[in-house]
Amino acid sequence: MKTTLEIQNLKCGGCANTIINKLSAVSGIDTVSVNTEHNTVELSYESEAHLEDAKKLLKTIGYPIAGDKNALGTKAKSFVSCAIGRVNS
């Protein structure tokens, strides 16, 4: 199955690199692409459980789904993830 998720806190290619690397490592997630212009993540997944795992991971690394709670701590995590993505690109 394939879906596109609108996420929060997506700022740049560093963020995109982190998201792609983290989600690609999740079992049951096949293809991941990020569109920084539209704040979206497109991914292929095997089951609804894998999709829920992807959403939880996105929130954990600072990129919650649009409409979800976006606390200051979550925003701070996105800045760390962004910096890591820039270094590892």
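**Notebook: helix H3, the sheet and Gln8**

Entry 1. I looked up Gly73 and found its place in helix H3, which spans residues 72-87. I am working from a predicted model, and I keep that in mind for every entry. I then checked the accessibility of Gly73: the value is 43%, so I log this residue as partly exposed. I also took a C-alpha to C-alpha distance from Gly73 to Gly62, and it came to 8.1 Å. The two glycines, Gly73 and Gly62, are 11 residues apart in sequence.

Entry 2. I turned to the sheet. I found 3 strands in an open sheet, ordered S1-S3-S2, with antiparallel pairing. At the edges I noted strand S1 (2-6) and strand S2 (29-35), each of which pairs on one side only. For the turn between neighbouring strands I got 20° on average, with direction ignored.

Entry 3. I looked at how S2 is joined to strand S3, residues 40-45. I listed 5 bridges between these two antiparallel strands. For Asn35, I found Thr40 in S3 as the bridge partner.

Entry 4. I checked which helices sit against these strands. Helix H2, residues 48-60, packs on the sheet and touches S1, S2 and S3. I put the angle between the directions of H2 and S3 at about 150°. Helix H1, residues 13-24, lies across S2 and S3. I have H1 running at about 170° to S2.

Entry 5. I picked Thr3 as a residue to follow within strand S1. Leaving out residues up to four places away in sequence, I found that Thr3 touches Val41, Glu42, Leu43, Tyr45 and Leu51. I also looked up a long separation along the chain: Thr3 and Val80 are 77 residues apart, and their C-alpha atoms are separated by 26 Å.

Entry 6. I went on to Gln8, which I located in the loop between S1 and H1. Is Gln8 buried or exposed? I log Gln8 as buried, because its relative accessibility is 18% and the cut-off for buried is under 20%.

Entry 7. What does the side chain of Gln8 have 2.9 Å from one of its polar atoms? I found the backbone oxygen of Ile65 at that distance. I found the backbone oxygen of Asp68 also lying 2.9 Å from a polar atom of the Gln8 side chain. Setting aside residues up to four places away in sequence, I listed the residues that Gln8 touches: Gly62, Tyr63, Pro64, Ile65, Ala66, Gly67, Asp68 and Asn70.

Key: Residues numbered from 1 in each chain as written. Predicted model: local features only at pLDDT ≥ 70, side-chain atom pairs only at ≥ 80, totals over all residues. Heavy atoms only, no water. Pairing = 2+ DSSP bridges. Helix = DSSP H or I, 4+ residues; strand = E, 2+ residues; numbered from the N terminus. Axes fitted to C-alpha atoms, helices over the stretch in contact; angles between N-to-C directions. Contact = heavy atoms within 4.5 Å. Buried < 20%, exposed > 50% of the residue type's maximum accessible area, 1.4 Å probe, protein only. Polar contact = N/O pair within 3.5 Å; in protein donor to acceptor, adjacent residues only side chain to side chain.
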